[in-house]
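Here's a quick tour of some backbone oddities worth finding on your screen. Have the viewer open and follow along.

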Amino acid sequence: MKVLKDLYYTNDHEWVKIEGGEAYIGITDFAQHNLGDIVYVELPEIDDEFDKEEAFSAVESVKAASDVYLPLSGKVIAVNEALIDDPALLNSDPYENWIAKFEVNDRSQIDELMTSEEYEKLLAEEE
Amino acid sequence: MYPYIPITTDDEKQMLESIGLNSIEELFADIPKEVQLNRELNLPKSKSELEVFSYLSSLAKKNCSQSDMISFLGAGAYDHYIPSIIDHLVSRSEFYTSYTPYQAEISQGTLQYIFEFQTLICNLTGMDVANASLYDGGTAVVEAAIMAANIARKDEIIISKTVKPDARKILKTYAHAQSLKVVEVDMKDGVTDLEELENKINDNTAAVIIQSPNFFGIIEDLKKAAEITHKIKKASFVASVDPISLGILKKPGELDVDIVVGEAQGMGIPVSFGGPYLGFMAAKKSYMRKLPGRIVGETTDVDGKRSYVLTLTAREQHIRREKATSNICSNQGLNALRATIYMVTLGKEGIKEVAAQSAKKAHYAYEQIIKSGKFKPLFDKPFFKEFAVTSGLDAKTITTELENEMITGGYHLEIDYPQLKNAVLYAVTEKRTKEEIDKLTRVLEGI
Amino acid sequence: MYDKLIFELSHEGQKAYRLPPLDVEDVNLEDIIPEEYLSEEELDFPELSEVDVVRHYTNLSSKNYGVDTGFYPLGSCTMKYNPKINEDIASLDGFTNIHPYQSENCIQGSLQLMYELGKSFCEIAGMDRMTLQPAAGAHGEVTGVMIIKAYHENRGDFKRNKIIVPDSAHGTNPATAVMAGYSIVEIKSTEEGLVDLEALKAVLGDDIAGLMLTNPNTLGISDRNIKEIADLVHEAGGLLYYDGANANAILGHARPGDMGFDVVHFNIHKTFSTPHGGGGPGSGPVGVKKDLVQYLPVPLVEKDGDRYYLDYNYPKSIGKVKDFYGHFGILVRAYTYILTMGSDGLKKASEIAVLNSNYLLSRLKEHYYLPIDTIYKHEFVLGGLKDTLSEVTSMDVAKRLLDYGFHPPTMYFPLIINQAIMIEPTETESKETLDMFADAMIRIAKEAEENPELLKTAPHNTIVRRPDETKAARNPIVKYER
């Protein structure tokens, strides 16, 4: 399973990319692999506000569905509309294809995220 | 031996041997002693087909069948004509003895008729997407409310008092359990008071629900109500409709309705003492992945052949469990087939003709009943196939007198609206003849 | 192969119906209904002759597989034979042509039937009172859980906001609890698929409203600790809900009420032989113990001397859960079945259902992986092919079964067994049928070793083969468009 070095990760197999006060969020290679062929990605609306650990999106395959949780409280500032027409982008390149971009409310929450090393350890345990 | 249990005593012996046991009792030995039932069930012993038939037909005969009466009773269950071919086709046991079409290869029959049902419901209502059915019109209202609340992430549902009472009661039951707030909008001269709606709607409103024709048979101004609802961000406008009425009335899709629900019993399903009927739900495209219940989609198989499958299943309980859009599993499959056959049998002209005849006969009955002045119209508003009249006579007396003349009278509105004392709601379908309507008028005059 | 949609048969000017001419004075619709309400558009419905409609749906029916076609061992679905007398009784004029709002003296037969059926269900379930209102199993579940909620609330206990559901449960259980306003606590099952008592104890507390359980469980195993489970839940102040999906295993042998359950639903279209109808209509009556009767949905059918009536006088009732009184037409079929089978026949039905299941298992366990080797009740769960490295999945086995003319078992459920194949033969199958099915399964296991490709490309003989579900979900086409 691919894990990128410069990203943060969560227990629910999301990745987070921090750029200044903003965060891109997507699902990891492990998550897309477990879901199988992704058929739909439910996107939040711009300006929607979510608390930490609230589900802001859902990713569906034929046989499974998985909520995507927000690891940092924040406001949606952009969504990846390419996923509406081609949800399979999450299968082909989960790290390139973020789901939504957030304005981060509380930067201290970033410290609670997993590093790539920690996430690799988690994956090793799950296998 | 029992006719539905083919295993013989000899078979039993051989099978037990194969299992490695000596008696049937051993198969139940894992049930803890203290919970085993060590007596016969206190029920009658098994019976022959003849005995069962004779007993149950004696119960059926204790009822007064509508085929021996002239019915003017509606209030949510209607005596529309059911073409003969419906019973014949749904009696094909490949349809009625099959399970939910999870194995698409051997369920194309069920899958295709559901696809046709969805198409017909969409065309009838003017909406983009319909599901495979819901239990009935009342629970369909509730499913719409819950869907709207989940989508909007809000908790207030506004419903008009002219929506049929059962639907409002069921909504209250579910709303209590889910901590949703139900706000009722009062009526004014038999229709939803839209000024009051405008006052009550607010930022917490997830859905506004109106029925048209409403419980009194009166046509509501859905367009105006939709406009009011859409002033609120993320609020859904839900209309509950009589599908037969759409043979002549404007489609909800033309009136900017977001979610259409209704009871389709009138389309080929017998009144059957209240069930099973057929709830349906159709909506704008944006609701597609939030709909409760099953949806069939078209696809191709490995050889490129057009075929049908259950689709968008990630919404459903067997995949999403506690996050499902609803807990519904079994729905009204076979009754959806009845309605499908009804819609294609009546076809483009037939639904219109049924609707027009019902409306014209209802208006004739209305004119005749109020002509003498003994009965007064309860409301003065345009109606479809049902209307309410009131008089100095007690509603129960009217029903009894009509029954003596083999007529099933109307519904007593006082049951649900205490202020509407002595008011009776009459339904007239295309099945009633002039002669029958004249008889009703004559008997009513004579009371 | 016949592959038309009804819309593609439409031929302008054809009609499949005829109404009598309007015999009241004709008026323009615009004169009775304001024009603004009237539709200007034509309905987009097909035009056909009666013959076309009949042939079309007859052709569609031949693309289906029903219990009347052949063996249907769908675990957890109890696809038993649907007796024909049930259909005849249910279509008696005195049942189908009764309006739910006719006056009480006109509906005595219907009320008596519902009253007697309710009593029969109570005796079978070991409960004190039934409501016949719920439309299906899942609807019964939500009714039952709302009754549990009403019980706690009426005691002034508002802090119980969770329902325990085992990880082996049907998906409807967690979905139901949420629909009734609860959140879920999932507990793991033991290796035998039983409730893990320690896991249960760990989550019980004053925030737990109740436990939803199927017994025998979804693996087909009777929980030997059921009494202890019930006691633990009750001691913690919770109630026990019995999901009746598997009731066909215990008729006349054990009763949920005696096991300690407080609320029970039956799936009439499973246990009591009413047809599944390609997905309904079903019926899901709910029974409760004495203390909970006051919360049942209204109305209940009551008897006063020789008269039956609808009783709405339950001030603490949860209210209504459905229009009118329930799926009466389905209830008629169920009562027909209960009268036909009687106390002796119902007991026998469960015995043979369990015998058939264990017999099939005895024939298959050498050839498939059996995660738990024990005495099963009416169904059992295999864990797919023995060769765990094989690329052939249980779904491939299922698809190959289609070639042999059988409806496959329930696949990939319960979720706790990898590659699950859940087999429920029911009591209405002969030994010959069971043997034919076992032979086919054994042959398929052999094919998986010798010619896996044959399974991976199965089915070969059906009218369509593995329709593309991914395509259907990515670009949904959910209605016909010209």
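Let's start in chain C of this predicted model. F324(C) counts as buried because 23 other C-beta atoms sit within 10 Å, and the cut-off for buried is 20 or more. You'll find F324(C) in the loop that runs between β9 (307–311) and α12 (328–364) of chain C. Its backbone is unusual in one respect: phi is near 55°, a positive value in a residue that isn't glycine.

R466(C) also has a positive phi without being a glycine, this one near 40°. Look for R466(C) in the loop between α15 (452–456) and α16 (469–474) of chain C. Is R466(C) buried or exposed? Neither label quite fits: with 18 other C-beta atoms within 10 Å, R466(C) comes out as partly exposed.

Now over to chain B, where 14 helices and 17 strands make up the secondary structure. The C-alpha trace of chain B spans about 85 × 55 × 50 Å along its principal axes. Of the 447 residues in chain B, 62% are buried. As for contacts in chain B between residues at least 6 apart in sequence, 73% link residues at least 24 apart.

Chain B has its own backbone quirks, in the form of cis peptide bonds leading into prolines:

| Cis peptide bond | Omega | Where the proline sits |
|---|---|---|
| S212(B) to P213(B) | near -10° | P213(B): loop between β7 (205–212) and α10 (222–229) of chain B |
| G275(B) to P276(B) | about 0° | P276(B): loop between β9 (259–263) and β10 (279–283) of chain B |

Conventions:
Residues are numbered from 1 along each chain as its sequence is written. Chains are lettered from A and ligands numbered from 1 in the order in which they are written. This is a predicted model: local features need pLDDT of at least 70, side-chain atom pairs count only at pLDDT 80 or more; totals for chains, interfaces and linings use all residues. Helices (H or I, at least four residues) and strands (E, at least two) are DSSP runs, numbered from the N terminus. A residue is buried if 20 or more other C-beta atoms lie within 10 Å of its own, exposed if 12 or fewer, and partly exposed in between; C-beta atoms are placed from the backbone. Two residues are in contact if their C-beta atoms, placed from the backbone, lie within 7 Å.
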